Amino acid sequence: MLFHSIQFAVFFAITYALYASLKHRAQNRLFLFASYLFYASWDWRFLSLIMITTLTDFLCAKAIEARSDKAVRKRFVAVSCVINLSILGVFKYFDFFVDSFVDLFSVFGWNVQGPALSIILPVGISFYTFQSISYTIDVYRKQMKPAQNLLDYALFVSLFPQLIAGPIERGKTLMPQILAKRTIEFDKVRAGIFLICFGLFKKLFIADNLGVIVDPIFMPGADISGALVLIGGYAFLFQIYCDFSAYTDIARGVSKLMGFELMENFRAPFMARNIQDFWNRWHISLTTWVRDYL
């Protein structure tokens, strides 16, 4: 269910109409149900993975808060990281590493057949895994208190506007918004509609049209000149930016309509003065996550 699809428009219209008529706790439960439904629309089987991540980090954070011994607290952080990164590694990187080793052995003339899982990659697994791990670490660092209600925490992990491609939110900024009563305000609605429309413009009118230029140039076997490669490279760069930032704009816009504030993920990266400045402007939620948690 892509953001620019008719299915999502119908899904969100129904969800928003119900959401606006409910009180706070019921809003959270509806939002959680809608988030799981949204994720199941990609592949319902992978709901079990997001549920495992949710339950693991909810229990680990509670255990960390209940202990005063630093070594014991670290063990629960380790449990959280090992379980989450193991799931991520198996589903996202197992086949990649197996294929890499097979290719390496083939260089030396050895014909090795490695095991391949051939698993469909669960959408958004990196984003919600990193988000959930950061929550456990924030509790360990005593930067926030753990959630007391499993369903509230489940909403933090699976909030559908930012579930598939971010931004990667922090528990200390998003959990208070989940726990607090939210109101639908005109200024937020207006700003949300603008972000949604701007995101759709970047996706449909810029990114998709740039794809018409990029795809033939980088098609296998294409007979192209150096000038076309240069054009295709720049076109691809802007296509990727418009694709990613469009998703973030729509995610932030949808969230604003529902009373949530998500972080800005792209801040005019092509206006950067140098590589470091570009790093600080591109996929900000990921780069700051790497800085703060690695």
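Is leucine 195 buried or exposed? Select leucine 195 and you'll find that this residue is buried, with a relative accessible area of 11%; buried means under 20% relative accessible area, exposed over 50%, and partly exposed in between, using a 1.4 Å probe and protein chains only.

Before moving on, some ground rules. This is a predicted model, where local features need pLDDT of at least 70 and side-chain atom pairs count only at pLDDT 80 or more, while totals for chains, interfaces and linings use all residues. Residues are numbered from 1 along each chain as its sequence is written, and side-chain values use heavy atoms, with hydrogens and water left out.

**Stop 1: helix α8**

Leucine 195 sits in helix α8, residues 186-217. Helices (H or I, at least four residues) and strands (E, at least two) are DSSP runs, numbered from the N terminus. Now pick leucine 55 as well and draw a C-alpha to C-alpha distance: the two leucines are 33 Å apart in space and 140 residues apart in sequence.

**Stop 2: the largest pocket**

Next, select Ile164, Ala165, Asp243, Phe244 and Tyr247. Of the 17 residues lining the largest pocket, these are the closest to its centre. The volume of this pocket is about 320 Å³. On a 1 Å grid over the protein atoms alone, a pocket is an open set of points with protein on both sides within 12 Å along at least five of seven lines, a cavity is a set where a 1.4 Å probe fits but cannot get out, and lining residues have an atom within 4 Å of a point. Grid points are joined across faces, edges and corners, and a volume is the space filled by probe spheres set on the points.

Which helix gives the largest share of the pocket lining? Colour helix α9 (residues 226-257), which supplies 6 residues. By class, the pocket lining has 11 nonpolar, 4 polar and 2 charged residues. Here Ala, Val, Leu, Ile, Met, Phe, Trp, Tyr, Cys and Pro count as nonpolar, Asp, Glu, Lys and Arg as charged, and the others, Gly among them, as polar.

**Stop 3: a nonpolar patch**

Stay with α9 and turn on the surface. Ile213, Phe218, Ile224, Leu228, Val229, Ile231 and Phe236 make a nonpolar surface patch of about 570 Å², and α9 gives the largest share, 4 residues. Patches take residues with over 30% relative accessible area and no salt bridge, joining like charges within 9 Å and nonpolar side chains (Val, Leu, Ile, Met, Phe, Trp, Tyr) within 5 Å; areas come from the Shrake-Rupley method with a 1.4 Å probe, and for residues only the protein chains shown count as cover. Click on valine 229, found in helix α9: at 38% relative accessibility, this valine counts as partly exposed.

**Stop 4: the cavity**

Now go inside. There is 1 cavity of 30 Å³ or more, and the largest cavity holds about 30 Å³ of space. Show Phe127, Tyr128, Gln131, Val157, Gln162, Leu163, Pro167 and Ile168 as sticks to see its lining. Helix α5 (residues 125-140) provides the largest share, 3 residues, and the lining splits into 6 nonpolar, 2 polar and no charged residues.

Keep Pro167 selected. The peptide bond from glycine 166 to proline 167 is cis, with omega near 5°, and proline 167 belongs to the loop between α6 and α7 (171-179).

**Stop 5: salt bridges**

The structure holds 13 salt bridges, each a side-chain nitrogen of Lys or Arg within 4 Å of a carboxyl oxygen of Asp or Glu. Try glutamate 65 and lysine 145, whose closest N and O atoms are 2.9 Å apart. Glutamate 65 lies in helix α3 (residues 47-66) and lysine 145 in the loop between α5 and α6 (150-158), so the pair ties together parts that are 80 residues apart in sequence. Glutamate 65 is partly exposed at 32%, whereas lysine 145 is exposed at 61%.

Then select lysine 256 and glutamate 261, a salt bridge with closest N and O atoms 2.8 Å apart. Lysine 256 is buried at 13%, while glutamate 261 is partly exposed at 32%. For a network of salt bridges, show Arg170, Arg291 and Asp292.

**Last stop: two odd backbones**

Most residues other than glycine have a negative phi. Alanine 268, in the loop between α9 and α10 (275-281), has a positive phi of about 45°. Histidine 283 also has a positive phi of about 45°; find this histidine in the loop between α10 and α11 (284-293), buried at 10% relative accessibility.
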